Amino acid sequence: MRYALQNLSFLFCLIMPLNQAYAQTTIDVAVSYRERIALPPLAELHLELLDVSRTDTAAKPLSSLRRRITGVPMQVELHYDADLIAPEGVYALAASIWSGDSPIFRSTERYDPFSHSEDATLEMMLSAVDEAATVPPTLQHISGVEWAITEILGEPWSNDDPATLIIDDESNFELFGGCNRFIGQLLQIDGEISFPANFAGTMMACPDETERLERSVLDALPRAASYVRYRTGLVLMDASGIALMHFTVRPE
């Protein structure tokens, strides 16, 4: 009996540090979508907690779940390891609804998972991936329009002279970053988009705040992997579906 107790004590000492090292906690999330349409059978919710602290690399998944959708709003608990969360880090929740191998709804704005109290539920509103199909064909294109930035990496553009983006029918683009002008060529097909890592531009001296904003645009643009147009709005997203930049059509 004494040896059995000693063995149990030894196992307890081994197990306790492992449990203490994994500080699991949860985020309560309620997911809805804007359009009043029925979901197809067997639709699934995909939810991810992402580390978006670095602007020069793709978002890093920290936790994820997949659930068959049983109703809307769909309420779930996302478990994650609290030890992976750094006080100075930047994090986001990304959600999408899938039918088979195709996404039909997804989040197009950044949701901060730690911006609300721990006992509150974070509400996420998704938008239809193919909403542009309801817009007349001449409005589905993103070329031939001057786009003015309204938001970058979840933050509103902070001055009255926004960065602008113009794309022509040959996939050449012209970017005004707020101080300097840049040109280059992108790849664009079926909702996917890719900007070069480097492109030609002027090198004027700029006020510090203007230069900071311009640099944030230059850092974010090469991370763009897809886009969604909503009538007079354009959202560029990274490979994880996180919104990088929001634009609106600039009046002529």
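Let's start inside. The largest nonpolar core has 28 residues, and the ones touching the most other members are Leu 175, Phe 195, Leu 236 and Met 245. Who builds this core? Six elements each supply at least two residues. Five are strands: S8 at 146–152, S10 at 164–167, S11 at 172–176, S17 at 233–237 and S18 at 243–249. The other is helix H2, residues 208–220. H2 gives the largest share, four residues.

Keep in mind that this is a predicted model.

Now take Leu 175. Set aside its neighbours within four places in sequence. Leu 175 then contacts Thr 164 and Leu 165. It also contacts Asn 180, Arg 181, Phe 182 and Phe 199. Val 217, Leu 218 and Leu 221 complete the list for Leu 175.

There is another core, apart from that one. It has 25 residues, including Ile 27, Ala 95, Phe 105 and Ala 128.

Next, one acidic side chain. Asp 238 sits in the loop between S17 and S18. Is Asp 238 buried or exposed? Buried: its relative accessible area is 4%, and the cut-off for buried is under 20%. So what does its side chain reach? One partner is the backbone nitrogen of Ile 242, at 2.9 Å. A polar atom of the Asp 238 side chain also lies 2.9 Å from the backbone nitrogen of Ser 240. Beyond four places in sequence, Asp 238 is in contact with Ala 59, Arg 223, Ala 225, Ser 226 and Leu 244.

On to empty space. Rolling a probe the size of a water molecule over the atoms shows where it is left. How many cavities of 30 Å³ or more does the structure hold? One. The largest cavity has about 30 Å³ of space. Its lining is Val 31, Ser 32, Tyr 33, Leu 45, Ile 69, Gly 71, Val 72, Met 74 and Ile 97. Strand S1, residues 24–33, provides the largest share of that lining, three residues. By type, the lining has seven nonpolar residues, two polar and no charged.

Last, the whole chain. It has two helices and 18 strands. Of its 252 residues, 40% count as buried. Now the contacts between residues at least 6 apart in sequence. Of these, 58% join residues at least 24 apart.

To recap, with the structure on screen: find Leu 175 in the 28-residue core, Asp 238 in the loop between S17 and S18, and the largest cavity beside Val 31, Ser 32 and Tyr 33, which are among its lining residues.

Notes:
Residues numbered from 1 in each chain as written. Predicted model: local features only at pLDDT ≥ 70, side-chain atom pairs only at ≥ 80, totals over all residues. Heavy atoms only, no water. Core = buried A, V, L, I, M, F, W, Y, C linked by side-chain atoms within 4.5 Å. Buried < 20%, exposed > 50% of the residue type's maximum accessible area, 1.4 Å probe, protein only. Contact = heavy atoms within 4.5 Å. Polar contact = N/O pair within 3.5 Å; in protein donor to acceptor, adjacent residues only side chain to side chain. 1 Å grid on protein atoms, 1.4 Å probe; cavity = no way out; pocket = protein on both sides within 12 Å on 5 of 7 lines; lining within 4 Å. Points joined across faces, edges and corners; volume = space filled by probe spheres on them. Nonpolar A, V, L, I, M, F, W, Y, C, P; charged D, E, K, R; others polar.
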